[in-house]
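Visitor: Could you take me through the salt bridges here, one pair at a time? I'd like a close look at who pairs with whom and how open each partner is to the outside.

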Amino acid sequence: MSIPRRRRWFHPAIVGAVIAAVATVVAAAIPVALELTRDTGSRGGAPLVQGTPSAVQPQPTAPAATTGLSPSQVPDASGPSASQAGEAEVRSLTEMPEVDDFDGSEQEPRLVAGEQRETVLVASPCWLNDNFTATFVVSRQYAVLEATVGMADDSAKALPLRFTVLADRKAVFATTLGLGKTRAVRVDISDATQVSLRLSTTSVNQCHGDGIGVWIAPRVRR
């Protein structure tokens with residue numbers, strides 16, 4: 001019986017082929033290694049891997065400057081301006097510029113229909129001059145005139161008086177009222193440059209001191 005022969009792997013031809021293949025691989029790898037080394041040295045850090053984007057971290061947005069106010073305290077830029085806020089919505093008519101120094105009217109407290117009224121414009125007309133008119137400049141800055149009218153309780157005669165509101169000399173409200181009564185007045189004056197309060201008699205038997213007319217709290221409103 002013959003013993004099989006062991007296969008020899010280290011044949012000279014095979015060994016030479018393996019050595020040639022390894023040499024080829026090493027020769028191809030050396031330039032790549034040198035290129036990577038130069039790239040690393042020029043950038044001062046690790047080379048970027050081709051095909052993998054560098055991670056760019058988003059920079060946080062700088063916070064807006066604060067003034068120590070809470071959000072509810074920060075003024076609204078869309079709100080009214082400071083000049084608008086400073087203008088009164090309601091003003092006493094007697095605080096407005098007057099044209100004729102009230103034309104005989106006075107400002108003094110009076111008892112009207114049993115109630116003491118502090119803010120009033122008082123006049124006592126006579127049939128000889130027919131009426132007293134107080135005129136004020138409003139310059140189309142207000143929308144409404146408001147007041148209450150009546151006769152002072154200490155009027156000598158109970159004959160009624162006539163109350164008229166004029167806007168630029170045109171009558172826009174009129175009423176006749178006697179003792180013990182009052183009436184509210186509300187008139188559109190949005191187009192008026194001047195407003196007048198007129199007080200007239202209704203009888204030739206009335207003269208100064210007989211009937212005392214009262215404009216209670218006349219005021220203009222925006």
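Guide: First, a bit of vocabulary: buried means under 20% relative accessible area, exposed means over 50%, and partly exposed is in between. Keep in mind that this is a predicted model. It holds eight salt bridges, and I'll go through some of them.

Let's start with glutamate 95 and arginine 91, a salt bridge whose closest N and O atoms sit 3.8 Å apart. Arginine 91 counts as partly exposed because its relative accessible area is 27%. Its partner, glutamate 95, comes out at 53%, so that one is exposed.

Next up is glutamate 115, which forms a salt bridge with arginine 117; here the closest N and O atoms are 3.4 Å apart. Glutamate 115 has a relative accessible area of 43%, so it's partly exposed.

Now for glutamate 146, which pairs with arginine 221, with 3.0 Å between the closest N and O atoms. Glutamate 146 belongs to strand β6 (residues 144-151) and arginine 221 to strand β11 (residues 213-221), so this salt bridge ties together parts that are 75 residues apart in sequence. With a relative accessible area of just 7%, glutamate 146 is buried, whereas arginine 221 is partly exposed at 31%. There's also a wider network of salt bridges to look at around this pair: it links Glu146 and Arg221 with Arg186 and Arg219.

Terms used
Residues are numbered from 1 along each chain as its sequence is written. This is a predicted model: local features need pLDDT of at least 70, side-chain atom pairs count only at pLDDT 80 or more; totals for chains, interfaces and linings use all residues. Side-chain values use heavy atoms; hydrogens and water are left out. A salt bridge is a side-chain nitrogen of Lys or Arg within 4 Å of a carboxyl oxygen of Asp or Glu. Buried means under 20% relative accessible area, exposed over 50%, partly exposed in between (1.4 Å probe, protein chains only). Helices (H or I, at least four residues) and strands (E, at least two) are DSSP runs, numbered from the N terminus.
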